[in-house]
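Work through the following exercises with the model open beside you, and attempt each task before reading its solution.

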Amino acid sequence: MSIKGIYKLVESGFHEEALNKIRAAKDGGESNPILKLFEALALYDGNKDLECLILLNTFLSEIDSDHEKYNYALFTSGICLMNLGLPAEASRLFNLVPNEYPGVEDERREARLKANESREAKNTFNSILDRTNT
């Protein structure tokens, strides 16, 4: 199956079929990095954020920053980090995405808010521990 055909499967929500075709393509020697992006997207839609993030990292390491899907992969990586409870790390990625990217300002705001809440919760937790361990 062609790469376009695999993309259509992912886009249409046929994730298991797309994953099978991606595996077959890889087994057949296909090494186009875009397959990692498609695999990541199929996994993302299956709520497998960590696996998606790992594949996006590999995809980003294999392409140049001028690749048409570079910012998309960064943005999606940030979403995965948010879903995994890592808003400070997500915020750092969202800041690498150009301002004109759709939705990035909202995600930056949300990541900053969640990172601040997380930091405050950790500080409070440490304060509680300090008081209970003395």
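The exercises below go from the whole chain to one helix.

This is a predicted model, in which local features need pLDDT of at least 70 and side-chain atom pairs count only at pLDDT 80 or more, while totals for chains, interfaces and linings use all residues. Residues are numbered from 1 along each chain as its sequence is written, and side-chain values use heavy atoms, with hydrogens and water left out.

**Exercise 1.** Determine how many helices and strands the chain has.

Solution. Take helices as DSSP runs of H or I with at least four residues, and strands as runs of E with at least two, numbered from the N terminus. The chain then has seven helices and zero strands, which reads along the sequence as α-α-α-α-α-α-α.

**Exercise 2.** Set the radius of gyration of the chain against that of a compact globule of 134 residues.

Solution. Begin with the globule rule, 2.2 Å times the number of residues to the power 0.38, the radius being taken over C-alpha atoms. A compact globule would be near 14 Å, but the chain has 18 Å. Next, examine the box filled by the C-alpha atoms, which is roughly 65 × 35 × 25 Å along the principal axes.

**Exercise 3.** Check the span of helix H7 (residues 104-132), and find which of its residues are buried.

Solution. The expected span is 1.5 Å times one less than the number of residues; because H7 has 29 residues, it should span 42 Å, and its end C-alpha atoms, 41 Å apart, agree with this. Buried means under 20% relative accessible area with a 1.4 Å probe, counting protein chains only. In H7, Val104, Arg108, Ala111 and Ala115 are buried, and their cover includes helix H5 (70-83) and helix H6 (87-94), where contact means heavy atoms within 4.5 Å.

Key
Buried < 20%, exposed > 50% of the residue type's maximum accessible area, 1.4 Å probe, protein only.
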